[in-house]
Amino acid sequence: MSLTCSLAAGVYGLWRERNCRIFQGKAMGHVQVMKGIADGVRDFLSTRRNVKQSMKNQDLCRQWGLPN
């Protein structure tokens with residue numbers, strides 16, 4: 001679930017940045033794009049209530065700065 005979410009957030013973040021550059025002529029730096037992607041994943045995962053308790057998921061939560 002977390003890997004799928006991360007992939008989807010990455011694709012969406014890059015697509016959003018591409019559209020912003022093409023249609024608005026504005027560009028964010030790569031650090032800002034990555035922060036937006038990480039924030040999107042963190043927000044999505046923090047709303048999940050039925051996450052299986054495993055070492056892998058606990059490690060992911062720690063890496064993304066989420067409470068276990």
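Contact here means that heavy atoms lie within 4.5 Å. With neighbours up to four places away in sequence not counted, W64 touches S6, A38, V41 and R42. This tryptophan lies in helix α3, where helices (H or I, at least four residues) and strands (E, at least two) are DSSP runs numbered from the N terminus. The C-alpha atoms of W64 and S46 are 9.7 Å apart in space, with their positions 18 residues apart in sequence.

The structure is a predicted model, in which local features need pLDDT of at least 70 and side-chain atom pairs count only at pLDDT 80 or more, while totals for chains, interfaces and linings use all residues. Residues are numbered from 1 along each chain as its sequence is written, and side-chain values use heavy atoms, with hydrogens and water left out.

A word on confidence is useful at this point. The predictor's confidence in each residue, pLDDT, runs from 0 to 100. Its mean over the chain is 83, and 90% of the residues reach 70 or more. Confidence is highest in α1, at a mean of 89, and lowest in helix α3 (residues 55-64), at 78. Where pLDDT is low, the predicted coordinates should not be read in detail.

As for the overall fold, the chain holds three helices and zero strands, which gives the pattern α-α-α along the sequence. Of its 68 residues, 24% count as buried; buried means under 20% relative accessible area, exposed over 50%, and partly exposed in between (1.4 Å probe, protein chains only). The accessible surface of the chain is about 5500 Å², and carbon and sulfur atoms account for 60% of it. These areas come from the Shrake-Rupley method with a 1.4 Å probe, and for residues only the protein chains shown count as cover. Among contacts between residues at least 6 apart in sequence, 44% join residues at least 24 apart.

Helix α1 offers several residues to look at. A9 is found in this helix and counts as buried because its relative accessibility is 17%. Leaving aside neighbours within four places in sequence, A9 is in contact with I37 and V41. The C-alpha atoms of A9 and I37 are separated by 5.7 Å, although the two residues are 28 apart along the chain. E17 also has its place in helix α1 (residues 2-24), and at 6% relative accessibility this glutamate is buried. With the same sequence neighbours set aside, E17 is in contact with K26, A27, M28 and V33.

Searching the whole structure finds one aromatic pair. Y12 and W15 form this pair, which is tilted, with 5.8 Å centre to centre and 35° between the planes. For such pairs, rings of Phe, Tyr and Trp (its six-membered ring) have centres within 6.5 Å; planes under 30 degrees apart count as stacked, over 60 as edge-to-face and the rest as tilted. Both residues lie in helix α1, three residues apart, or about one turn of the helix. Y12 is partly exposed, with a relative accessible area of 45%, and W15 is partly exposed at 46%.

Y12, A9 and E17 appear again in the lining of the second largest pocket, together with G13, R16, M28, Q32, V33, G36, I37 and G40. The elements that give two or more residues to this lining are α1 and α2 (30-46). On a 1 Å grid over the protein atoms alone, a pocket is an open set of points where a 1.4 Å probe fits, with protein on both sides within 12 Å along at least five of seven lines, and lining residues have an atom within 4 Å of a point.
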